[in-house]
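Colleague: Please take me through this one at an easy pace. I'll ask as we go.

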Protein chains: 2
Amino acid sequence: MATQLVKALHAKGYIIRQVMNRTPESARTLAETVGSQWTTSPEEIKKADIYLYAVSDAILPEMIHRNPRKEGLHVHTAGSMPLTLFDGEKKRAGVFYPLQTFSKQKVVDFAEIPLFIEANNNTDSQLLRQIAETLSRKVFNADSQQRQQLHLAAVFACNFTNHLFAIAEQLLKDANLPFEVLRPLIEETIEKTTTLSPPEAQTGPAIRNDLNVMQKHIEQLAAHPQWQEIYRMISKSIKSTT
Amino acid sequence: MATQLVKALHAKGYIIRQVMNRTPESARTLAETVGSQWTTSPEEIKKADIYLYAVSDAILPEMIHRNPRKEGLHVHTAGSMPLTLFDGEKKRAGVFYPLQTFSKQKVVDFAEIPLFIEANNNTDSQLLRQIAETLSRKVFNADSQQRQQLHLAAVFACNFTNHLFAIAEQLLKDANLPFEVLRPLIEETIEKTTTLSPPEAQTGPAIRNDLNVMQKHIEQLAAHPQWQEIYRMISKSIKSTT
């Protein structure tokens, strides 16, 4: 995400003063792209208006602590980390959270990516919104609790959805059919939610309470007890949602 | 599905001899569109080369039985019903199963819809393939067992996925955020499976075994014990897949 975000900010005319990365090659490569200095050690961090921490949750607290700069606006990009992480460390603090998965290779168009911002004072909140709006058309204020809920919702809608695809792929493999055959149906499932709310769009044996089909499916899953459990739990939840 | 399929076949030059529907308005409307006769009673079914049963699973056996015609090729369109349904009723039998959800209003482009065909003899299998290929570029032979597995895979990848969207929508509502914010991430989740297999594309706290985040998520779900169960089961299944 660091790479994509820094490139996007640079493209919009923001001056990237310095790039920090533990790996010199990574730091240098990105720095060269955006015409900035680079370093591998927090002790060498230069003075700037904004310090952007686009690092994993695991090392974020340590990085905040090791940055010797106290002045300026300190901003992290982590969906599930609270703003209070900066308490006692930095006076002006914020969050700038893009809700998307990133890879280094694929260039991302930020225009459609929802950006969630938070700051511990109004002026910085407005400053972050201004920056966010140069990148994206979808900027939201979200406090740490909202962001936490957003992260949980994304786990259900994306991480868990991907696992259901993995199960479907294996079931099809067992029947010598390629995953590709499901693609039009999957796309229609997504497409439907643009005109109907997900509960309205629900189809399948569970919502019809078609016990025969469900019993047959449970039997088909005999070799996969965990998937049987998932089948039962989600079917039960579908039935109790309506 | 009947409406869409009959219109598509008519558009490709196939002669629709007669439309049958229990509701006269429905029968007449479709018949007028494709220039055919219509009826509401099985007893009046005219002789034809092919009899297509595009009806719900629940009434399919009865419809097969009530059609007085024994000659010709009898074809149903149900994903989870076996070919043996015709045994003892009709000599020549087949299945013509389009893997897509249909609505009467929305015109469907069959070209991209996977069609799965089966017949109880080679000549009819080839005949059904020929018809299928005039409609779609994705025609597969699939026996009843493969079709059953396909149906189960579709329940996981589509029906259950839609329920995960419903859960995500409610979680976002609780945080005053619209479901729309998840759309780019959902689209990227689907998009990823075009270049990576679903297990390779897996991200999130479960695959990282991030116990802190998972514990926090379980606590956030305190008001929804069924969703907690789903969270635990899918996370466990993700961990044991790799």
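Colleague: How many bridges join strand 5 of chain B to strand 6 of chain B?

Modeller: Helices (H or I, at least four residues) and strands (E, at least two) are DSSP runs, numbered from the N terminus, and two strands pair if DSSP finds at least two bridges between them. This is a predicted model: local features need pLDDT (the predictor's confidence in each residue, from 0 to 100) of at least 70, side-chain atom pairs count only at pLDDT 80 or more, and totals for chains, interfaces and linings use all residues. Phe96(B) of strand 5 stands opposite Ile117(B) in strand 6. The two strands run antiparallel, and the number of bridges joining them is five.

Colleague: Which residue stands opposite His74(B) in strand 5 of chain B?

Modeller: Strand 4 (residues 73–76) and strand 5 of chain B run parallel, joined by four bridges. Opposite His74(B) in strand 5 stands Ala93(B).

Colleague: How many of the seven residues of strand 5 of chain B are buried?

Modeller: Buried means under 20% relative accessible area, exposed over 50% and partly exposed in between (1.4 Å probe, protein chains only). Strand 5 of chain B is largely enclosed by the rest of the structure, because the number of its seven residues that are buried is six.

Colleague: Along strand 3 of chain B, which residues point to one face and are buried?

Modeller: In a regular strand the side chains alternate between the two faces of the sheet. Strand 3 of chain B runs parallel to strand 4, with four bridges between them, and Leu52(B) stands opposite Val75(B). Leu52(B) and Ile50(B) point to one face and are not buried, while the buried residues on the other face are Tyr51(B) and Tyr53(B).

Colleague: Over in chain A, which strands stand at the edges, each with a single partner strand?

Modeller: Chain A has an open sheet of five strands in the order 3-4-5-6-7, with mixed pairing. Each edge strand has one side without a neighbour in the sheet, because each has a single partner, and these are strand 3 (50–53) and strand 7.

Colleague: What angle does the direction of helix 4 of chain A make with that of strand 6 of chain A?

Modeller: Axes are lines fitted to C-alpha atoms, for helices over the stretch in contact (heavy atoms within 4.5 Å), and angles run from 0 to 180 degrees between N-to-C directions. The sheet's twist averages 25° from one strand to the next. Helix 4 packs on this sheet, touching strands 3, 4, 5, 6 and 7 of chain A, and its direction makes with that of strand 6 an angle of about 165°.

Colleague: Which residues of helix 9 of chain B are buried?

Modeller: The buried residues of helix 9 (residues 211–220) are Val213(B), Met214(B), His217(B) and Ile218(B). They fall within an arc of 140° seen down the axis (taken from the directions from the helix axis to the C-beta atoms), so they line one face. Leu211(B), Asn212(B) and Glu219(B) lie on the other side and are exposed. So much for the exposed side; the buried names again are Val213(B), Met214(B), His217(B) and Ile218(B).

Colleague: Which helix of chain A do the buried residues of helix 9 of chain B pack against?

Modeller: Within chain B, these residues pack against helix 8 (205–208) and helix 10 (225–241). From chain A, the helix they pack against is helix 5 (144–174).

Colleague: How many residues apart in sequence are the parts that Lys138(A) and Glu112(A) tie together?

Modeller: These side chains meet in a salt bridge (3.2 Å, N to O), that is, a side-chain nitrogen of Lys or Arg within 4 Å of a carboxyl oxygen of Asp or Glu. Lys138(A) is partly exposed at 30% relative accessible area, and Glu112(A) is partly exposed at 31%. Lys138(A) lies in the loop between helix 4 and strand 7 and Glu112(A) in the loop between strand 5 and strand 6 of chain A, so the separation in residues is 26.

Colleague: What is the count of salt bridges over all chains?

Modeller: Another of them joins Arg232(B) and Glu229(B) (3.1 Å, N to O), which are three residues apart in helix 10 of chain B, about one helical turn. Over all chains, the count of salt bridges comes to 20.

How values were computed:
Residues are numbered from 1 along each chain as its sequence is written. Chains are lettered from A and ligands numbered from 1 in the order in which they are written. Side-chain values use heavy atoms; hydrogens and water are left out.
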